[in-house]
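Here are a few exercises to work through with the model open in your viewer. Try each task before you read the solution below it.

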Amino acid sequence: MNPDQNKAPLFAALTQYSAKNYAYLHLPAHRQGKALAELLSPGGKNLLHLDLTELPGLDDLYYPQGAIAEAQDLAAALYKADQSFFLVNGTSGGIQALILSLCRPGDKLLLPRNCHRAVLGGLILSGAEPVYLPPVISWEFGFATGVAPEDLARTLNEHQDCYGLLLVHPTYYGVGGDLARLTTLTHQENKPVLVDEAHGAHFPFHPALPPDALSAGADAVVQSMHKLGGSLTQSSLLHLKGRRLTSSRLSDSLRLLQTSSPSYLLLASLDVARRQMALHGRELLSQALEIAFQARDELSKIPGLKIFGAENLDYQGACFFDPTRIVISVKQWGLTGYQTAKILTSAYRVQVEMTDYYNLVAVVSLGSTREDAQALVKGLSEIWQKWANINPPLPDVPLFPPPVPVRLTPRKAWFAPNRLVSLKESAGLVSAQEITLSPPGVPLLFPGEEITIEMRDYLDQLKKIDIPVKGFTGSHKDRLRVIKN
Ligand SMILES: Cc1ncc(COP(=O)(O)O)c(C=O)c1O
């Protein structure tokens, strides 16, 4: 039977979802236009009037000389960069372009093992050899944080031929390490520091937020302006500072990776969000911080909940945290983060940004309201009374992958002949693909890494307790691609 072409299932799902008016504690920060009001009806017309292309006077993202160049210069001045680039394929595209502009096949790049999967495209395209740094773990909350300076110093010494360092600042949990110290150590070896600041586009605009990566000395920074700066989803900023990276090589890489038909809606939203941050960032963020601090205070009174805060910043990987990001451990409730979020959505109409086995991550941002935060507090108080105080605490589960040897670069693994095997028979073989924990989008296994017995058993255990591990195929979702011997 032919499918019914009267249907538009995605459009229908979006309009139905939007009609439910959930309490909004997630990204993007503009909160369905509330904090991007200027773009709702520009000049009294609907937004689609601006869905134009490279017409006279509208410049060209590939070779900007007019309005786009001026808008990028304003972004650079605001973020104190030497040069800024508008991106239409998110921070993912920016990270890939940076790696491609820095590394050739076989060049070593240092990066934390808990980096986002966005790096994978850059590693495959460039042929770079990843050298992974171990992140410091918050055992109390069960997530990975930043890199310890002593681990970086040792790795820089062991890999003096590396071409640079890529860091994540902050992590999806809003936690950052000592970026200034890490940058100094890397610069002492005259290597560049690239920073994935996907979750930090708002940092420069309020003193209660962590220091931003450019002010900590980074050479290149990519920010998802769409996540926390108020622009439309997919729009990001890439900033360069200093002379360790070559701007023309980066422009070439961006032209390779980005569409030749960039959306002017995305580009205009970057321009307007930048202006909003410049003129009203401090005041909007003060409001968000006030809402977040009040919610933190009330949540911390609910029995059994633990909220990540300043008192948890006592070790090397965690020197800063973003207080607008409320990380709530429900471990003592005997419910997983996934179960708690499901109840919050279905019974209390509250959507948070991310969940893992032990935690919920709620984001209070530019467009957040007191009602959103109150709905979260009310929902969690009632869940405690109805569901949570009757269970024993969750058992400890192995949340972090055991380190595995890198046998091939991701690029070589990507192009090598491969075959499908079951997870059971994969021990001792080399993965041809990524296996990713998503959310937060962190690869547990990169292409080219050996699937040790410990890694096989670890993945098996995660699957058994329903942790969302992505990348397996087959009807039982238990098969993966390995390199043919
Ligand atoms: C830490 C981190 N880096 C990079 C990205 C990719 O950013 P984008 O969605 O803007 O491509 C994400 C997305 O969630 C992320 O969490």
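**Exercise 1. Two helices**

At what angle do helix H2 and helix H9 pack, and how far apart are their axes? Keep in mind that you're looking at a predicted model.

Solution. Start by locating the helices: H2 covers residues 67-79 and H9 covers residues 264-299. Fit the axes, and you get an angle of about 35° with a separation of 10 Å. Next, check the hand: H2 and H9 make a left-handed crossing. Then list who does the touching. H2 brings Ile68, Ala71, Leu74, Ala75 and Leu78 to the contact, while H9 brings Leu267, Asp271, Arg274, Met277 and Ala278. Finally, sort those residues by type: 8 are nonpolar, 2 are charged, and none is polar.

**Exercise 2. A covered strand**

Work out how strand E11 is covered and which strands pair with it.

Solution. E11 spans residues 236-240, and 5 of its 5 residues are buried. Now take the two faces in turn. Ser236, Leu238 and Leu240 lie on one side, Leu237 and His239 lie on the other, and all of them are buried.

Then look for the pairing strands. Strand E2, residues 83-87, runs antiparallel to E11 and is joined to E11 by 5 bridges. To pin down the register here, use serine 84, whose bridge partner in E11 is histidine 239. Strand E10, residues 220-223, is also antiparallel to E11, with 4 bridges between them. For that pair, glutamine 223 is your marker, standing opposite leucine 237.

**Exercise 3. An open sheet and a lysine**

Find the strand order of the open sheet that holds E19, E20 and E21. Then decide: is lysine 470 buried, partly exposed or exposed?

Solution. The sheet has 3 strands in the order E20-E19-E21, paired antiparallel. E20 (442-445) and E21 (469-470) each have a single partner strand, so these two stand at the edges and one side of each has no neighbour in the sheet.

Zoom in on the E19-E21 pair. E19 covers residues 435-437 and is joined to E21 by 2 bridges, running antiparallel. Across this pair, leucine 437 faces valine 469.

Now for the lysine, which sits in E21. Count C-beta neighbours inside 10 Å and you find 15. A residue needs 20 or more to be buried and 12 or fewer to be exposed, so lysine 470 comes out as partly exposed.

Who does lysine 470 touch? Skip the neighbours within four places in sequence, and the contacts are Thr436 and Ser438. Threonine 436 is 34 residues away along the chain, yet the C-alpha atoms of the two are 5.1 Å apart.

**Exercise 4. Where two domains meet**

Describe the side of domain 1 that touches domain 2.

Solution. First get the bounds. The domain assignment gives domain 1 as 44-274, domain 2 as 282-390 and domain 3 as 410-483. Over C-alpha atoms, the centres of domain 1 and domain 2 are 28 Å from each other. Next come the contacts: 28 residues of domain 1 meet 26 residues of domain 2.

Which strands supply at least two residues each on the domain 1 side? They are E5 (135-138), E6 (143-147) and E8 (175-176). E6 gives the largest share, with 4 residues. To finish, split that side of domain 1 by type: 16 nonpolar, 10 polar and 2 charged residues.

Definitions and conventions. Residues are numbered from 1 along each chain as its sequence is written. This is a predicted model: local features need pLDDT of at least 70, side-chain atom pairs count only at pLDDT 80 or more; totals for chains, interfaces and linings use all residues. Two strands pair if DSSP finds at least two bridges between them. Axes are lines fitted to C-alpha atoms, for helices over the stretch in contact, and angles run from 0 to 180 degrees between N-to-C directions. A crossing is left-handed if the near helix is turned anticlockwise from the far one by less than a right angle, and right-handed if clockwise. Two residues are in contact if their C-beta atoms, placed from the backbone, lie within 7 Å. Ala, Val, Leu, Ile, Met, Phe, Trp, Tyr, Cys and Pro count as nonpolar, Asp, Glu, Lys and Arg as charged, and the others, Gly among them, as polar. Domain bounds come from an automatic or database domain assignment.
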